[in-house]
Each structure stands twice: as C-alpha cells, then as structure tokens.
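Hi,

Here is the structure I said I'd pass on. Have a look at it first, and then read on for what turned up.

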Amino acid sequence: MRVRPAGVDDAEPIAEVHVLSWQAGYRGLLPQALLDGLRPARRVPRWAGAVRRAAWPARGVLVAEDAGAVVGFASLYPTVDHDQDSTEVGEIGSFYVLPAVWGRGVGAGLMAAAVRTLGAGGFTSATLWVLESNARAIRFYTYQGWEPDGAARDDVVEGITVRDVRYRRKVSVKSLRVLPRECV
C-alpha cells in the first residue's frame, strides 16, 4: 500500500470508496433507504473539485492505493470551525477506507500520512468530526491517538439530523519533513 496526493482521475474511485464505506460503516446508524440510495456518480463532482483545490501540504485529498487501486482517502484542509484558529488547526474532513480492506492496516497508514501531511502544512494540531454513535470509527480514532475535545454539533446528512463529536490530536514537529508527492 502507498499513500499519495489524489489527482483528478481519482475522483471516481474516491466517490466509489466513499459510498461503499458509508453503506457498510453507517449500517444501523443511518436509515437503510438513505444508504441504499447513495450513488458514486453523484459524489464525483465534489471530489473532483476538492482535488482541483489542492494547495499542498495544507489542503488536498490523499489516496491510499493497493496494487494500483484506490482503497481509501482522506481530505485535509485548515479547520472551518469558528472556535479554532485555521492557521494552527488542520482538519481531516473525510476519512474513508474500502470495507473490503478494513482491518488490514490501510486506515492506520492513511491516518499516519494524513497527520504527517497536516504537520507539513504548518498545523500544530488536527481535528476531525465523527458521528457520535459510530463506535467503530471512534475506536479506530482513539487507537490512532485522537481524543474528544468536548465539542459537539448537529449536522444534516442527506436530510437526516445527526450528532457529531469532535476529536483532536497534536501534530508532531517531526511531521514537518514529509513531502506531499508521496506520503508513505
């Protein structure tokens, strides 16, 4: 597995990973009809735009690939939370791994690369938001060194109101040596 910055050609496989991850990871947490109705094609423009707006290393989308196929992705940018300093805090806005490779270290490798890249972007800490009821994701983030910081918000996901909680971690100084071309 390797992690690298996404290119525009990655938008379609990123959208596929996004939808498949939602359908597996949010089963029982979001309405099944909502999950069944998700289509990658509807998410391609979003990811193509995110890739085009990259300003490495502070903003962009990383992809994890295995044997040339995209199996995970993470979107990174300065925080958009009004109670945080966007020059100091980076955010992982989306973090998804193909369910077929869960438990094989892809998520850990992608997370390590995301944190290093945020460090290279000059951030001293990073945040992410997670569905409060998503115990599986919370276990993963906690194992990766993330801790809840007490912030919570209501979010609307495909017309459904959900409760998200924010997690935070420090970004180490040694992270500054990473180059955005190839992160792992």
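First, something to try in your viewer: which charged end sits over the ring of Trp129? It's that of Arg153, 4.0 Å from the ring centre. Bear in mind for everything below that this is a predicted model.

There is another arrangement of this kind: Arg43 lies over the face of Trp22, with 4.5 Å to the ring centre.

Now the pocket. The largest one has a volume of about 1000 Å³. It is lined by 41 residues, and those closest to the centre are Tyr26, Phe95, Tyr96, Asn134 and Tyr141. Quite a few elements give two or more residues to the lining: the helices α1 (11-25), α3 (40-52), α4 (106-120) and α5 (135-143), plus the strands β4 (89-97), β5 (125-131), β6 (147-157) and β7 (160-170). Strand β4 gives the most, with 7 residues. If you're thinking in terms of chemistry, the lining breaks down into 22 nonpolar, 9 polar and 10 charged residues.

On to the aromatics, where the count comes to 6 pairs. Two of them are worth going through here.

One is Phe73 with Tyr96. Their ring centres are 5.8 Å apart and the planes make an angle of 40 degrees; that falls between the 30 and 60 degree cut-offs, so the pair is tilted. Phe73 belongs to strand β3 (residues 69-78) and Tyr96 to strand β4, so to speak a link between distant parts of the chain, 23 residues apart. Both residues are buried. Add Trp47 and you have one aromatic cluster, made up of Trp47, Phe73 and Tyr96.

The other is Phe95 with Phe140, a stacked pair with 5.7 Å from centre to centre and 25 degrees between the planes. This pair also links distant parts of the chain: Phe95 is in strand β4 and Phe140 in helix α5, 45 residues apart. Are the two partners buried or exposed? Phe95 has a relative accessibility of 10%, which is under the 20% cut-off, so Phe95 counts as buried. Phe140 has a relative accessible area of 25%, between the 20% and 50% limits, and is therefore partly exposed.

If you want a place to start looking, try Phe95 and Tyr96: both are among the residues closest to the centre of the largest pocket, Phe95 is stacked with Phe140, and Tyr96 is in the cluster with Trp47 and Phe73.

Cheers

Notes: Residues numbered from 1 in each chain as written. Predicted model: local features only at pLDDT ≥ 70, side-chain atom pairs only at ≥ 80, totals over all residues. Heavy atoms only, no water. 1 Å grid on protein atoms, 1.4 Å probe; cavity = no way out; pocket = protein on both sides within 12 Å on 5 of 7 lines; lining within 4 Å. Points joined across faces, edges and corners; volume = space filled by probe spheres on them. Helix = DSSP H or I, 4+ residues; strand = E, 2+ residues; numbered from the N terminus. Nonpolar A, V, L, I, M, F, W, Y, C, P; charged D, E, K, R; others polar. Phe/Tyr/Trp six-rings, centres within 6.5 Å; stacked < 30°, edge-to-face > 60°. Buried < 20%, exposed > 50% of the residue type's maximum accessible area, 1.4 Å probe, protein only. Lys NZ or Arg CZ within 6 Å of the ring centre and 35° of its normal.
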